[in-house]
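Please look through the sequence and the structure shown here before reading on. The paragraphs below start at the metal sites and then turn to the way the chain is divided.

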Amino acid sequence: MSPAYIETAVKIAAQAGDLALHYFRQGVEVRKKGKIDLVTEADVAVEEQIVSELREEFPGHGLLREEGEAENLAEEFVWVVDPIDGTTNFAHGYPMFCVSIGLRRQGREVAGVVYAPVLQEMFWAAEGEGAWLNGRRIRVSEVAKLEDGMLCTGFPYDVHRHYEDVLGDLERVLPAAQAVRRDGSAALNLCYVAAGRFDGFWERRLHPWDTAAARVVVTEAGGRVSRFDGGPYSIFDGEILASNGRIHDQMIRILVR
Ligand code: IPD
Ligand code: CA
Ligand code: CA
């Protein structure tokens, strides 16, 4: 992995975060994609800025993006872009949102950048290079027992129609953990696992751009990422279980009925 790729992606994410912050402060017009699935003018504008910079810096690379059409997915390198992860938070003036840019090489995530502009926290990681937050190396927590762990989860956009499985997970995890949070940005939640703030995270029915960047941050920070049953995770799977590694098997036993 060329360090120049990461440096460029960090620069692009920082500029995208500035643009998102500009919209966040001025207020934005909100449209509905689904019953509770929102999109704002900021999502579209921030993605356009990221995509045009990626195209200029890396002509020939592929692009998988939330708000626009995918292109050149058969290329060796494919960038996976979520311009604002945490749009509902963003639209309500709640500061937990981020820009997420992941890089896949031959079908595998090899690097990722996640930037939370309100807190000005820049997470990045690349295979073999470690995981970093604002220039400092980060590591997952050392919590070994689920009962001592602070976990986080998310509720998918179809939760109003399909809540039984989501509530079932919560019903079993809640009494087993010290605390459970739901904070509305899967990418940032995963980075918080990487930084040792959360000990584990799980969510169902996510999209590839929610996790492509942050999954690399978690594994490079020494954490483990899998499906709920412990099997190998793919960003196209939907469900993700991420943890500090130590509590992973305990979470699998609870999530797999
Ligand atoms: C959403 C956020 C949220 C999660 C949803 C995602 P978006 O992404 O990551 O935390 O619960 O499942 O779709 O729409 O804000 O980019
Ligand atoms: Ca997202
Ligand atoms: Ca988004």
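Which residue coordinates both the calcium ion (ligand 2) and the calcium ion (ligand 3), and how far apart are the two ions? The residue is Asp 82, and the ions are 3.7 Å apart. This is a predicted model, in which local features need pLDDT of at least 70 and side-chain atom pairs count only at pLDDT 80 or more, while totals for chains, interfaces and linings use all residues. Residues are numbered from 1 along each chain as its sequence is written, chains are lettered from A and ligands numbered from 1 in the order in which they are written, and side-chain values use heavy atoms, with hydrogens and water left out.

The calcium ion (ligand 3) has as its donors Glu 66 (OE), Asp 82 (OD) and Ile 84 (O), at 2.1 to 2.3 Å, where donors are N, O and S atoms within 2.8 Å of the metal (3.2 Å for Na, K and Ca), and sites may look incomplete because water is not among the atoms. Along the chain these donors follow the spacing E-x15-D-x1-I. Glu 66 lies in the loop between strand E3 (62-65) and strand E4 (77-85), whereas Asp 82 is in strand E4, so the pair ties together parts that are 16 residues apart in sequence; strands (E, at least two residues) are DSSP runs numbered from the N terminus, as are helices (H or I, at least four).

The calcium ion (ligand 2) takes its protein donors from Asp 82 (OD), Asp 85 (OD) and Asp 210 (OD), which lie 2.1 to 2.2 Å from the ion, and their spacing in sequence is D-x2-D-x124-D. Asp 82 is buried, with a relative accessible area of 1%, and Asp 85 also counts as buried, at 5%; buried means under 20% relative accessible area, exposed over 50% and partly exposed in between (1.4 Å probe, protein chains only).

An automatic or database domain assignment divides the protein chain into domain 1 (3-137) and domain 2 (146-255), whose C-alpha centres lie 20 Å apart. In this arrangement 40 residues of domain 1 are in contact with 28 residues of domain 2, contact meaning heavy atoms within 4.5 Å. Between the domains there are two salt bridges, each a side-chain nitrogen of Lys or Arg within 4 Å of a carboxyl oxygen of Asp or Glu. Arg 197 forms a salt bridge with Glu 121, with the closest N and O atoms 2.8 Å apart. On the side of domain 1 that touches domain 2, the largest share, seven residues, comes from E6.
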